[in-house]
Amino acid sequence: MSPQDGADEQVDWEAMRRAWGVGFPSDYVAFMATYGAGGIDDAFNVLTPEAATQPTYGHELGSMSGETATMRQIWADKGGPDGVDAGPEVVIAWGVSCGADILGSLTSDDDPDKWPVIVWERHGWPHWKIYDGGMVEFLRRLFTMGFDERPLSDASLWGEPSPRFLHWREEQRRLKSGIDPYTGEPDPNFVEFD
């Protein structure tokens with residue numbers, strides 16, 4: 001996946017550690033330095049790291065704190081994954097799919113580089129799934145069909161040989177200029193406001 005449309009997110013990792021009470025995996029840190037937060041093929045969003053663990057009003061969905069709160073609430077209400085002897089506080093969300101799946105890290109190990117990926121698959125059964133390897137390995141296996149079965153509700157990125165990443169700031173710039181961020185074509189629904 002080309003980092004051409006990525007940008008270093010300039011994350012204060014010490015502030016993140018203080019806020020969340022844990023360090024973060026080296027692959028996630030490297031991803032943020034190379035790509036930052038943004039979309040992949042308009043089918044998946046990698047969430048912006050936040051040094052706030054509680055969502056602010058109006059930012060519940062699509063934020064690390066908001067999606068983490070949602071993931072934890074689902075766990076609290078409906079139960080967590082089979083075989084995990086921990087409460088919902090052990091998940092931190094880092095991505096969402098266009099199929100309304102939430103992806104995160106299961107933070108139950110002291111070493112962040114050993115955290116598996118946890119997926120709440122909205123349209124799958126069982127809803128909770130855990131995959132060894134970190135965020136980057138999960139995405140690589142998604143793009144190369146490296147799982148026994150599709151890990152997300154939507155097949156948009158399953159086996160995608162050349163996924164395209166677009167940093168969220170570039171996506172916003174293109175949207176504001178009336179261009180579809182992913183096709184580069186004029187957006188027929190664009191309306192300019194004064």
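How many of the five residues of strand β4 are buried? In this predicted model, the count is five of five. Strand β4 covers residues 102-106 and is therefore largely enclosed by the rest of the structure.

The setting of β4 can be described from the overall fold. The protein chain contains five helices and seven strands. In sequence order the elements follow the pattern α-α-β-β-α-β-β-β-β-α-β-α. The radius of gyration is 17 Å, close to the 16 Å that the globule rule gives for 194 residues, so the chain is as compact as a globular protein of that length. The C-alpha trace spans about 50 × 35 × 30 Å along its principal axes.

Burial and contacts were computed for the whole chain. Of the 194 residues, 42% count as buried. Among contacts with a separation of 6 or more, 49% link residues 24 or more positions apart. The accessible surface comes to about 10400 Å². Carbon and sulfur atoms contribute 48% of that surface. The chain carries 15 positive and 34 negative charges. The mean positions of the two sets are 1 Å apart.

Strand β4 pairs with β3 and with β5. Strand β3 spans residues 91-97. Five bridges join β3 to β4, and the two strands run antiparallel. Within this pairing, V96 stands opposite I102 of β4. The two strands form a hairpin, with four residues between them. One residue in the turn, A100, has a positive phi of about 70 degrees. Strand β5 spans residues 117-120. Its pairing with β4 is also antiparallel and consists of four bridges. Here S105 stands opposite V117 of β5.

The loops hold further local features. Two loop residues, D82 and P126, are considered together. D82 lies between α3 (64-78) and β3. Its relative accessible area is 76%, so D82 is exposed, the cut-off being over 50%. P126 is found in the loop between β5 and β6, the latter covering residues 128-131. The two residues are 44 positions apart along the chain, while their C-alpha atoms are separated by 9.2 Å. P126 also takes part in a cis peptide bond with W125. Omega for this bond is about -5 degrees.

Positive phi values occur at other loop positions. D41 has a positive phi of about 50 degrees although it is not a glycine. This residue sits in the loop between β1 (38-40) and β2 (44-46). D41 is partly exposed, with a relative accessible area of 26%. M145 likewise has a positive phi, near 55 degrees, and is a residue other than glycine. The loop that holds M145 runs between α4 (135-143) and β7 (165-167). M145 is partly exposed, with a relative accessible area of 47%.

Taken by element, β4 has five of five residues buried. Its bridges number five to β3 and four to β5. In the loops, D82 is exposed, whereas D41 and M145 are partly exposed.

Methods
Residues numbered from 1 in each chain as written. Predicted model: local features only at pLDDT ≥ 70, side-chain atom pairs only at ≥ 80, totals over all residues. Heavy atoms only, no water. Rg over C-alpha atoms; globule rule 2.2 N^0.38 Å. Buried < 20%, exposed > 50% of the residue type's maximum accessible area, 1.4 Å probe, protein only. Contact = heavy atoms within 4.5 Å. Areas by Shrake-Rupley, 256 points an atom, 1.4 Å probe, with all protein chains shown as cover. Lys, Arg positive; Asp, Glu negative; His and termini not counted. Charge placed at Lys NZ, Arg CZ, Asp CG, Glu CD. Pairing = 2+ DSSP bridges.
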